[in-house]
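User: Please take a close look at the ligand site in this model. I would like one connected account of what surrounds the ligand and which side chains make polar contacts with it.

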Amino acid sequence: MRLNYDTPFAGPALVSSMAGGLKGSEILKIAGEVRAMKAAGRDLLDLTVGDFAADQFRIPAELAAGIAQALEKGETNYPPSNGMQALREAVVRLYARELGLEVPVEAVVIAGGARPIIYGTYRALIDPGDRVLFPAPSWNNNHYVHLLGAEGVPIVVGPESRFLPTPELLAPHLEGARLLSLCSPQNPTGTAFTKESLQSICELVLAENRRRGPGGRPLYVMFDQVYWMLTFGDTQHFTPPGLVAEMAPYTIFVDGVSKGLAATGLRVGFGVGPPEVIKRMSDIIGHMGAWAPRAEQVATAQFLDNVPALTAYRAKLREGVQTRLQMLYAGIEALKAKGYPIEAIPPMGAIYLTIRLAAHGKRPNFGDPLKTNDQVRRFVLDHAGFALVPFQAFAFPGETGWFRASVGAVGPTDIERGLVRLEAALKMLR
Ligand SMILES: Cc1ncc(COP(=O)(O)O)c(C=O)c1O
């Protein structure tokens, strides 16, 4: 029987006001459009999706084999709602070994990727109307704020701080805030906190919590470090409690294998934080059924403990990503040196490069001048097959020409060819 979904009710009456007002991912919208162009045969450098292409970066072979073996052994039922004990213990060992952070196993929860950990953090901490501070640009905080009916306070950051929030920018907004959302290395900018800056932010958070006193509700930091295994050159990864031990009760780490093991489709994420909050998060994740699949959990636990394999894989992935980011950065700087209106911020981590295309006011072949970031995006997409995401997709205001380029799905020769096409297109601007 073909179901007929016609109804006399319409629009807002059909869903909750929250669902009615929820925006889909702007990134995925742009990426979908780019995919369609590619399918139609266009030569494109697709720098849009924050993902890896399997023909560029594979998950570790040992991990893939471990999943197959776990399935073979019948690891196909529900996992415990807070995660498999073996994986939680492997995360404890990983944090001690690699990050110098010792936590009890009760501080770890496993979920189906980092997203349910973020949602669980917001859900466990935020009441409607609570204030959530997040940098603009940042990834998806605006959407999680909407889901929770929170009051979002975007802190607009700029190139002078490599698009990271600074203690000076945050200080005036901490009073009364419930959650400070930080990410390092950061999506969309590919930049990471310095030790000094993160340490000063931690001191401010602790001062605010002291001011509130034991009768108040604390200010928490959600520290999204899904890209911590991907830092380049001299960049070091720092964590709030690693720098200031007193931050432990107020820090919830968001983590997982999606980025560090190029395994976005496996859906294995971890949250690490104060056990009382983590317990509530695992109840929320349990009710959502947002567990990581059991076989993936078993295999991830084994892989995280296989130190030689993990070390070798990390080095290879890091080198592959860094090569691509450096090529793109060097190419853009070369175009800048030739006088084109383009620049980039040196990459520090993750899979992203921040690019500025200041083509506003310029006329493509004496046509109408480009006015908005979206018109600039369209111009380089149509004329150079160079696909970028404007910072507006990350809640960043203003038509100032800032874009994210993601290199996980492109190869070095694709980048070379894309840069040649980009120069040809920039030549068309008067
Ligand atoms: C900063 C950040 N956190 C979390 C996630 C989500 O990760 P997952 O795919 O594991 O849900 C992403 C994905 O792009 C991300 O960029």
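Analyst: A polar contact here is a pair of N or O atoms within 3.5 Å. The model is predicted, and side-chain atom pairs count only at pLDDT 80 or more. With that cut-off in hand, start at Asp 224, where a polar side-chain atom lies 2.6 Å from a nitrogen atom of the ligand. Two other side chains face ligand oxygen: an N or O atom in the side chain of Tyr 227 is 2.7 Å from an oxygen atom of the ligand, and for Arg 115 the corresponding distance to a ligand oxygen is 2.9 Å. As for cover, the ligand taken alone exposes 400 Å², of which the protein buries 97%.

The wider setting is as follows. The ligand sits in the largest pocket. Around the ligand there are 13 residues, and those that come nearest are Ala 114, Asn 187, Asp 224, Tyr 227 and Ser 258. Asp 224 and Tyr 227 are thus among the nearest residues. By element, helix 5 (residues 114-125) supplies the largest share of the shell, with 3 residues.

A separate check concerns the cysteines. The count of disulfides is 0. Cys 183 is in no disulfide, and the nearest cysteine sulfur, that of Cys 202, is 15 Å away, whereas a disulfide needs two cysteine sulfur atoms within 2.5 Å. Cys 183 counts as buried because its relative accessibility is 12%, and the limit for buried is under 20%. Cys 202 also counts as buried, at 2% relative accessibility.

How values were computed. Residues numbered from 1 in each chain as written. Predicted model: local features only at pLDDT ≥ 70, side-chain atom pairs only at ≥ 80, totals over all residues. Heavy atoms only, no water. Buried < 20%, exposed > 50% of the residue type's maximum accessible area, 1.4 Å probe, protein only. Near = heavy atom within 4 Å. Polar contact = N/O pair within 3.5 Å; in protein donor to acceptor, adjacent residues only side chain to side chain. Areas by Shrake-Rupley, 256 points an atom, 1.4 Å probe, with all protein chains shown as cover. 1 Å grid on protein atoms, 1.4 Å probe; cavity = no way out; pocket = protein on both sides within 12 Å on 5 of 7 lines; lining within 4 Å. Sits in = over half its atoms within 2 Å of the grid points. Helix = DSSP H or I, 4+ residues; strand = E, 2+ residues; numbered from the N terminus.
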